[in-house]
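Hello,

Here is the structure I promised to pass on to you. My notes follow below it, so have a look at the coordinates first and then read on.

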Amino acid sequence: MEIKNANVSHKKQNILTDSFGRNHTYLRISLTERCNLRCTYCMPADGIPLSPKEHLMTVDEIYTIAKEFVRQGVTKIRLTGGEPLVRKDFPLILKKLSGLPVELGITTNGVLAERFLPLLKENGVKTITISIDSLLKDKFSKITRRNEFDSVWDTIKLFQNEGFKIKLNIVLIKNFNENEIIDFINLTKDQNLVVRFIEFMPFDGNQWNMDKLVTQQEIMDKVQYTFPLQLKKLADAPNDTSRNYKIEGYTGSFAIISSVTNPFCDTCNRIRITADGKLKNCLFSGKEFSLLKLLRANKPILPVIQKALKHKFATRGGMDTPEKLKNPELHSKNRSMISIGG
Ligand code: SAM
Ligand code: SF4
């Protein structure tokens, strides 16, 4: 399928640069709204209404849209979801995208990852982000509403042995798993892992409120208390969404993603495409721009991409004050995380 690009030269017009001068070089593509887990912070208990299959991007459509973004300057693509590995044609998608000159990554819950290890290797994936919110089986089952701890843990071990760079994502929730912060950091003593603590973010249907939040400051207080002399700040990469640290003498490192209390919006370089082909200029923004509709109508997508970038707010999709952030009406204007692709 060919894209009509409306004769726009990206070099002159900086299609992927927004009104605040932020250049977007990192594309996150959600492959599916489905998942084999049911994490409480990500999706409502009853699930979400799923889009009919014919409304989702096909392999070719994903490739065509991705290719256009790469032409405009994207250098990094991450596949996410839902759970990207439940999509039956995942191997085809990965193979096609691996032909693009980008760094390819994947965020997965790890349940099915073992069977895809050779495929990921063959197609140049070197870094994998795996979500695991508790090191305790019971708690893991409680938060994911499924009993898959062992398969996730085995995946982490296996991918480590195979030389992958592994990041672990942990969403912290007050009075639930905040007492595991040090246990997670202790994993980095002998293992070359990056353990990333994520502040719980508000989305439609996830029962978020400020009281459930474990803040960056609270995390750091615990770490400083436990490792008063060994805590070391690491340099953050230019567009890092995390603040990076390590414990002196430990093999791995840890990081905090503080999208709620200390967002990194001023250096944001991320754009997202949902599985139904809509561009989201920010995780927190309810505004969406359908690229798939245009593609299927054989119309150019570049003007809409440009429009989406121009409409990007400076901070958290316009939720720039604590009052706005706490307003459930604004959360319900956005999707559930499962259908955005975190
Ligand atoms: N299924 C894959 C997984 O769990 O890694 C990929 C999709 S998931 C939506 C991507 C990331 O978003 C996960 O690391 C998950 O923990 C995170 N996430 C989901 N809901 C969140 C929330 N409300 N606040 C913060 N992070 C969230
Ligand atoms: Fe599924 Fe990932 Fe959401 Fe958990 S965080 S429900 S694994 S998409």
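**The core and the helices around it**

In this predicted model, the largest nonpolar core comprises 104 residues, and those with the most contacts inside it are Ile29, Phe69, Ile77, Phe90, Leu168, Phe197 and Ile305. Helix α2, residues 59-71, gives the most to this core, contributing 6 residues.

Ile29 is a good place to start looking around. Beyond its neighbours within four places in sequence, Ile29 is in contact with Met57, Ile62, Ala66, Ile77, Arg78, Leu79, Thr80, Leu97 and Ile273. Two of these partners turn up again in helix α2, since Ile62 and Ala66 are among the α2 residues that meet α3.

**Two helix pairs**

Now for α2 and α3. Their axes are 10 Å apart and the packing angle is about 25 degrees. With angles under 35 degrees counted as roughly parallel, that makes α2 roughly parallel to α3. The crossing of this pair is right-handed. On the α2 side the residues are Val59, Asp60, Ile62, Tyr63 and Ala66, and they meet Leu92, Ile93, Lys96 and Leu97 of α3. By class, the residues of this contact are 7 nonpolar, no polar and 2 charged. Leu97 of α3 is also one of the contacts of Ile29.

Helix α3 (residues 90-97) packs against helix α4 (residues 113-122) as well, at an angle of about 15 degrees and with the axes 10 Å apart. α3 is therefore roughly parallel to α4. Here too α3 passes its partner, α4, in a right-handed crossing. The α3 residues Phe90, Pro91, Leu94 and Lys95 meet Phe116, Leu119 and Leu120 in α4. This contact has 6 nonpolar residues, no polar ones and 1 charged. Phe90 is also listed with the residues that have the most contacts inside the core.

**Two loop residues to check**

Which residue has a phi near 60 degrees, a positive value in a residue other than glycine? That is Asn298, in the loop between α9 (291-296) and α10 (302-310). Asn298 counts as partly exposed because its relative accessibility is 42%.

Arg316 has a positive phi too, near 35 degrees, and is likewise a residue other than glycine. Arg316 sits in the loop between α10 and α11 (322-326). Is Arg316 buried or exposed? At 7% relative accessibility, Arg316 counts as buried.

Best wishes

Key. Residues are numbered from 1 along each chain as its sequence is written. Chains are lettered from A and ligands numbered from 1 in the order in which they are written. This is a predicted model: local features need pLDDT of at least 70, side-chain atom pairs count only at pLDDT 80 or more; totals for chains, interfaces and linings use all residues. Side-chain values use heavy atoms; hydrogens and water are left out. A nonpolar core is a set of buried Ala, Val, Leu, Ile, Met, Phe, Trp, Tyr and Cys residues joined through side-chain atoms within 4.5 Å. Buried means under 20% relative accessible area, exposed over 50%, partly exposed in between (1.4 Å probe, protein chains only). Helices (H or I, at least four residues) and strands (E, at least two) are DSSP runs, numbered from the N terminus. Contact means heavy atoms within 4.5 Å. Axes are lines fitted to C-alpha atoms, for helices over the stretch in contact, and angles run from 0 to 180 degrees between N-to-C directions. Angles under 35 degrees count as roughly parallel, over 145 as roughly antiparallel, 65 to 115 as roughly perpendicular and the rest as oblique. A crossing is left-handed if the near helix is turned anticlockwise from the far one by less than a right angle, and right-handed if clockwise. Ala, Val, Leu, Ile, Met, Phe, Trp, Tyr, Cys and Pro count as nonpolar, Asp, Glu, Lys and Arg as charged, and the others, Gly among them, as polar.
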